[in-house]
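Q: I'm new to this one, so could you take me through one part of it up close? Start with a single helix, then wander outward to whatever else is worth a look.

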Amino acid sequence: MALVSVNENKNEKVDTVESVQTEGKVVYDTKGLNLWYGKDQALKNINLSVYENEVTAIIGPSGCGKSTYIKTLNRMVELIPNVKISGNISYRGENILGKSYQVEDLRTKVGMVFQKPNPFPKSIYDNIAYGPRIHGIRNKKILNQIVEKSLRGAYIWDEVKDRLNENAYGLSGGQQQRLCIARCLAIEPDVILMDEPTSALDPKSTLKVEELIQQLRNDYSIIIVTHNMQQAARISDKTAFFLNGETVEYDKTDVIFSNPADKRTEDYVTGRFG
């Protein structure tokens, strides 16, 4: 595919939208995505489709473009100076890189969970209620319902229901990460992006987050960056292997781990390099 600047090729957008509508289950459709940090190219001709109610794992060695890619999906990457992007990213059939697309709307529909838990320096309750309040919800009864529903959705309600007015910093690391997931759920997103969400957690907390991800796939589409091969194999439906800014291989997870088409993929998942 030839390189095109964003919004320069209208026909490309139409073709992408039509393919999404025909498939009916595609959430994100990435076509010919390239990204540069200044003169350094971090992503090279990425073509990737993400489907509804699936967990999509992005694997690869450090510096291969995994985190950069998912940060393009909610346009957080644009917060970094001197970023240049070409290609097309369609979300539900609309090009999110278009100048008319509202970033605020995108980030309401696409939630983000980061590598390290980042609760606000507020009470557990106020952490969850923050997003709904930003969106204009002031009714205490409705906020109470959202807080409980979100904490239950993140499987942490029973652990914190008697501590809602306590500072979130008093929770353990694993609890803080599930709180951050609950905070994400409170704005009722369509997609949840996770950038190595368990890398700072102990094995027990990691297991709880993985179990949570398995439950959340029933209602959300999840894209997770992970360095943990076993984790990707356990929790994902599809896996993309990134290397040097390119997508080497993208397929069902059991195929990637048991019968990959590319020798580089096999070498990585079997631990020969990475």
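A: Let's start with the residues of α2 that are tucked away: K66, T68, Y69, I70, T72 and L73. That makes six of the eight residues in this helix, which spans residues 66-73, so α2 counts as mostly covered, buried being under 20% relative accessible area. Keep in mind that what you're looking at is a predicted model. As background, an α-helix has 3.6 residues a turn, so residues three or four places apart point the same way. Right after α2 comes R75, and its phi is positive, near 65°.

A positive phi is worth a pause, since most residues other than glycine have a negative one. R75 isn't alone here. N53 has a phi near 50°, again positive in a residue that isn't glycine. You'll find N53 in the loop that connects β2 (40-51) with β3 (55-59), and it is partly exposed, at 36% relative accessible area. E196 is another non-glycine with a positive phi, about 50°. Its loop runs between β7 (191-195) and α8 (203-216). Is E196 buried or exposed? E196 is buried, with a relative accessible area of 12%.

Now to the strands. β1 covers residues 26-37 and runs antiparallel to β2, with eight bridges joining the two. To see one of the pairings, find V26: its bridge partner in β2 is Y51. The two strands make a hairpin with two residues between them, and G38 in that turn has a positive phi of about 65°.

β1 also pairs with β4, again in the antiparallel sense and over eight bridges. Here L35 stands opposite I85 in β4. Strand β4 itself takes in residues 83-91 and is mostly covered, with seven of its nine residues buried. A general point helps when you look along a strand like this: in a regular strand the side chains alternate between the two faces of the sheet.

Follow β4 onward and you reach β5 (residues 94-95), which runs antiparallel to β4 and is joined to it by two bridges. Y91 stands opposite E94 in β5. This is a hairpin too, with two residues between the strands, and R92 in the turn has a positive phi of about 55°.

Next, the charged side chains. Side chains of opposite charge can pair when their charged atoms come close. Across the whole structure, a search turns up 17 salt bridges. One of them joins the side chains of K238 and E54, at 2.8 Å from N to O. This pair links distant parts of the chain: K238 belongs to strand β9 (residues 238-243), E54 sits in the loop between β2 and β3, and the two are 184 residues apart. That loop also holds N53. Where do the two partners stand on burial? K238 is buried, with a relative accessible area of 16%, and E54 is buried as well, at 17%.

For another salt bridge, look at D126 and R133, whose side chains meet at 2.9 Å, N to O. D126 is partly exposed, with 27% relative accessible area, and R133 is partly exposed at 29%.

Then there's the salt bridge between E266 and R272, at 3.9 Å from N to O. E266 is partly exposed at 32% relative accessible area, whereas R272 counts as exposed, at 55%. Both belong to a network of salt bridges that links K263, E266, D267 and R272.

Last stop: the cysteines. How many disulfides does the structure hold? Zero. C184 shows why for its own case: the closest cysteine sulfur, in C180, is 9.6 Å from the sulfur of C184, too far for a bond. A disulfide would need the two sulfur atoms within 2.5 Å. C184 is buried, at 6% relative accessibility. C64 is also buried, at 1% relative accessibility.

If you'd like to retrace the tour, begin again at the buried residues of α2, including Y69 and I70, and move on to R75, which follows the helix. From there, go to the hairpin of β1 and β2 with G38 in its turn, then to the hairpin of β4 and β5 with R92 in its turn. Finish at the salt bridge of K238 and E54.

Key: Residues numbered from 1 in each chain as written. Predicted model: local features only at pLDDT ≥ 70, side-chain atom pairs only at ≥ 80, totals over all residues. Heavy atoms only, no water. Helix = DSSP H or I, 4+ residues; strand = E, 2+ residues; numbered from the N terminus. Buried < 20%, exposed > 50% of the residue type's maximum accessible area, 1.4 Å probe, protein only. Pairing = 2+ DSSP bridges. Salt bridge = Lys/Arg side-chain N within 4 Å of Asp/Glu carboxyl O.
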